[in-house]
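Biologist: I am new to this structure and would like a close look at a single part of it. Could you take me through how the helices there pack against one another?

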Amino acid sequence: MDARKTEHLARELDAYAHWYVAPDASSNGHYLTLTLFAEFDDTARVARDLTAVFLRGAGAEAVVDDARLAVSELVGNVVNHAVPERHLALPGSCRRIDVTFKLWPKWLFIGVTDEDSTPPVLPLGETFSPGLLGELSEAVLPASGRGLLICQRLATAVWWTPHEKGGKTVWCRFDRDNGADDRPD
């Protein structure tokens, strides 16, 4: 393995090790969890706005725009597609959305949790041929998965984790140290 790939792999392992670490006040990180409800008309806007407030307050200006768009797409997916597990849904109650931020000097992790255990459909590879683009590029976009495709293009990594009692969290990671520019070929 060449030095560039080894360095990239070391950065990836370091990032994922931090993802599993419980928040520690002495770790120079910033943490926030928001609870929103899918039935309100402005849920995605509130999520975007609070993302910007948190990140600007924590000194992470460089990732605000990309993070706002990713959060908007992930929260929008919950609002439009999530159906709570029967044992998690209460009659007449709202669908809960938790948005978690873990910000370290080198990374930002964002997780959007819902009460639906259905795995997200993460797009793989290119979804259309570049030769088909031309003037009608919107005609060749996939019918579903566009929000996750946007997240994959903006973030360094996107994945999901199931919850033991039902539901899931869709995560994305943004590298703040420009490590994303050094991806191996």
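Modeller: What follows is an account of one helix and its two packing partners, with a short note on enclosed space at the end. Please keep in mind that this is a predicted model. Two packed helices are described by the angle between their axes and the distance between the axes, and that is how I shall take each pair in turn.

Let us begin with helix α3, residues 64-81, and helix α4, residues 146-154, which pack at an angle of about 155° with their axes 9 Å apart. Since angles over 145 degrees count as roughly antiparallel, α3 and α4 are therefore roughly antiparallel to each other. The crossing in which α3 passes α4 is left-handed. On the α3 side the contact is made by Asp-66, Leu-69, Ala-70, Glu-73, Leu-74 and Asn-77, and these meet Gly-147, Leu-148, Ile-150, Cys-151 and Leu-154 of α4. Sorted by class, the residues of this contact comprise 7 nonpolar, 2 polar and 2 charged.

Helix α3 also packs with helix α2, residues 43-57, where the two axes come within 9 Å and cross at roughly 150°. By the same reasoning, α2 and α3 are therefore roughly antiparallel to each other, while their crossing is right-handed. From α2 the contact draws on residues including Thr-43, Ala-44, Ala-47, Ala-52 and Leu-55, and from α3 on residues including Val-64, Ala-67, Val-71, Val-75 and Val-79. The residues of the contact between α2 and α3 divide into 9 nonpolar, 3 polar and 4 charged.

As for enclosed space, the count comes to 1 cavity of 30 Å³ or more, and the largest cavity holds about 30 Å³. Its lining includes Val-78, together with Arg-95, Arg-96 and Asp-114 among others, and by class that lining has 4 nonpolar, no polar and 5 charged residues.

Conventions. Residues are numbered from 1 along each chain as its sequence is written. This is a predicted model: local features need pLDDT of at least 70, side-chain atom pairs count only at pLDDT 80 or more; totals for chains, interfaces and linings use all residues. Side-chain values use heavy atoms; hydrogens and water are left out. On a 1 Å grid over the protein atoms alone, a cavity is a set of points where a 1.4 Å probe fits but cannot get out, and a pocket is an open set with protein on both sides within 12 Å along at least five of seven lines; lining residues have an atom within 4 Å of a point. Grid points are joined across faces, edges and corners, and a volume is the space filled by probe spheres set on the points. Ala, Val, Leu, Ile, Met, Phe, Trp, Tyr, Cys and Pro count as nonpolar, Asp, Glu, Lys and Arg as charged, and the others, Gly among them, as polar. Axes are lines fitted to C-alpha atoms, for helices over the stretch in contact, and angles run from 0 to 180 degrees between N-to-C directions. Helices (H or I, at least four residues) and strands (E, at least two) are DSSP runs, numbered from the N terminus. Angles under 35 degrees count as roughly parallel, over 145 as roughly antiparallel, 65 to 115 as roughly perpendicular and the rest as oblique. A crossing is left-handed if the near helix is turned anticlockwise from the far one by less than a right angle, and right-handed if clockwise. Contact means heavy atoms within 4.5 Å.
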